[in-house]
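Welcome, and please get your viewer ready. We will walk through this model one selection at a time, with a short note on what you will find at each stop.

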Amino acid sequence: MVYDALIIGSGLSGLAAGIRLAMFNKKVLIVEKHVEVGGLNSFYVRKQRTFDVGLHAMTNYVPKGARNAPLSKLLKQLRFRHEDFRLCPQHQSEIRFPGHALRFTNDFSVLEEEVARAFPAQIDGFRRLVAKIRDYDELDLNNSRFTPARAVVQECITDPVLIDMLFCPLMYYGSASEGDMDFYQFVIMFKSVFMEGFAKPEGGMPYILNLLVDKYKTLGGELRMGAGVKAIHAPDGALQSVELENGETLLADKVISSAGYIETLRLCRPCPVEEARCEEGRMSFMECLFVLDRQPKDLGYDKSIVFFSTKPRFDYRVPEAAVDVTSGVLCAPNNFDYPQPGEGMLRLTNQANYGVWNDMVRADYRAAKKEWRERAIEEILQFFPDFRHNVVFTDAFTPKTIFKYTGHLNGAVYGAPHKIKDGRTPIRNVFICGTDQGFLGIIGATLSGISMANLHVLQAENKPEYGRI
Ligand SMILES: Cc1cc2nc3c(=O)[nH]c(=O)nc-3n(C[C@H](O)[C@H](O)[C@H](O)COP(=O)(O)OP(=O)(O)OC[C@H]3O[C@@H](n4cnc5c(N)ncnc54)[C@H](O)[C@@H]3O)c2cc1C
């Protein structure tokens, strides 16, 4: 059997690419090295509780009927109805720095009013920035020039604290690079976080993943779990076959890989020389989960998500130590418009260093998780009520965990800093989708899978109407 397309990885981008191709009667196979689907956004069970791995919120929320928004395009391309995703919008979120707080909701005018209230001298510049963002075509797959976002933002806004406050959520939710980000990525994130907004699916990631897998299989797509790809054989620079870790050989006309750009090149035999020139992603996080004996709002936590810095200036970079507790994201997953909130829960995300965690021996690793979790809580008590006596269960995962379960080098959640927008690799008929293609997060990764399937398989068959989403 020769597949029309073989997809590496059953994360959101791989599943979306698979659905799109199966929908057009392509013979398509997804191979996943793990036993659960979802990749960076999967779920796991501990002590009879199911935890989402990555989900704080889906960005890009728009209500039913909104036109031309990424979520609407995604639903249309995958042939879902808005209600199929069971999205529950956020209440309100916040950016909190020493002496400053900016609230925002899924109504963009709230953020605008907050900027005018807290930084009155900056509001005209903020509006100029917003106009620039609205006019920008961030989905142009042919634009590969790096434009530093801070320089563009500084042309409009002069207060460094406001600049840091705007960058904080956008970098935490989508920057593979330290310090600054490419302006196109800033625009994607600004629109998806501030101009559209947050929602959570009722039932969390297990619900969404089941929905995608069901659709894929109903359309005739094949999915093989525990089927890691060991090698992509490509003599003479063209795809020949795919070898699984169990030694089996698979044949396909095209491969679309969501494993990451460098990770995919390293699977190729021979490995293309380009691999040595690529910079690896390094930005990763420690995530602590706290199950509480009551709802966070009963303890004074009424925001859906808070992006914070306890220092006056925000630094987004890999810390020297295991974790940087001075900034982070605090998420209360039940502070969404949920019909039936589950157990009380808080999630805390901080920047972390893969190398430090990876070098620890087992006993030290466990002790370090406990130590850094306590330090992370102590730090946020500068802003938030003490919830330590209300914790009934806690767990934490580190960059090492992320690497183990996704294969992304250094546990880099947003992949490598340089994105391959057109998804091409030096190997003929091997393409990438997902994180390293450049659309990030749950909605971004899903759109990436759709657009790469459209571009490299469907449009390649001279059906240009499939090319752009
Ligand atoms: C802690 C955390 C919190 C997050 N929070 C949010 C959030 O709140 N909102 C949001 O929108 N996004 C969030 N994200 C980001 C989001 O999860 C990712 O951007 C998105 O899921 C990436 O999907 P992907 O398909 O590109 O990659 P992945 O999910 O990484 O999929 C790649 C898949 O390929 C498989 N694979 C790799 N190598 C091989 C191989 N050799 N053979 C077979 N299979 C292989 C992997 O096992 C994996 O399943 C979060 C991520 C993390 C880690």
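Start by selecting E138, which is buried, with a relative accessible area of 12%; here buried means under 20% relative accessible area, exposed over 50%, and partly exposed in between (1.4 Å probe, protein chains only). This is a predicted model, in which local features need pLDDT of at least 70 and side-chain atom pairs count only at pLDDT 80 or more, while totals for chains, interfaces and linings use all residues. Residues are numbered from 1 along each chain as its sequence is written, and side-chain values use heavy atoms, with hydrogens and water left out.

**Around E138**

E138 sits in the loop between α4 (123–135) and α5. Helices (H or I, at least four residues) and strands (E, at least two) are DSSP runs, numbered from the N terminus. Which residues does E138 touch, not counting residues up to four places away in sequence? Add Y184, V187, I188 and K191 to your selection to see them; contact means heavy atoms within 4.5 Å. For a long view, draw a line from E138 to P341: the two are 203 residues apart in sequence and 36 Å apart in space, C-alpha to C-alpha.

**On to V153 and T105**

Next, select V153 in helix α5 (residues 149–154). V153 counts as buried because its relative accessible area is 1%. Leaving out residues up to four places away in sequence, V153 touches L129, I163, F167 and F186. K132 is 21 residues from V153 in sequence, and their C-alpha atoms are 9.6 Å apart.

Now go to T105, in the loop between β7 (100–104) and α3 (108–118). Is T105 buried or exposed? With 14% relative accessibility, T105 counts as buried. A polar atom of the T105 side chain lies 2.9 Å from the backbone nitrogen of D107. This is a polar contact: a pair of N or O atoms within 3.5 Å, where within protein one must be able to donate a hydrogen and the other to accept it, and residues adjacent in sequence count only if both atoms are side-chain atoms. Beyond its neighbours within four places in sequence, T105 is in contact with Q90, H91, Q92, V110 and F194.

**Colour by domain**

The domain assignment gives domain 1 (2–59 + 204–279 + 415–466), domain 2 (111–196) and domain 3 (282–406); these bounds come from an automatic or database domain assignment. Give each domain a colour, then look at domains 1 and 2. Their centres, taken over C-alpha atoms, are 30 Å apart, and 14 residues of domain 1 are in contact with 13 residues of domain 2.

**The ligand**

Now centre the view on the ligand. Of the 35 residues around the ligand, S13, E32, G54, A57 and H408 come nearest; a residue is near a molecule if one of its heavy atoms lies within 4 Å of it. Which side chain has an N or O atom 2.7 Å from an oxygen atom of the ligand? Select N41 to find it. Backbone N or O atoms also approach ligand oxygen atoms, that of T435 at 3.0 Å and that of G441 at 2.9 Å. The protein covers 97% of the 1000 Å² of accessible area that the ligand has on its own, with areas from the Shrake-Rupley method and a 1.4 Å probe.

Highlight α1 (12–23), α13 (399–406) and α14 (441–458), the elements that give two or more residues to the shell around the ligand. Among them, α14 gives the most, with 3 residues. The shell draws at least three residues from each of domain 1 and domain 3.

**Backbone stops**

Most residues other than glycine have a negative phi, and most peptide bonds are trans. With that in mind, select D236 in the loop between β10 (229–233) and β11 (241–244). D236 has a positive phi of about 60 degrees although it is not a glycine, and it is exposed, with a relative accessible area of 77%.

N410, in the loop between α13 and β19 (430–432), also has a positive phi of about 60 degrees without being a glycine. At 17% relative accessibility, N410 counts as buried.

Finish at R269 and P270, which are joined by a cis peptide bond with omega of about 0 degrees. P270 belongs to the loop between β13 (268–269) and α10 (274–277).
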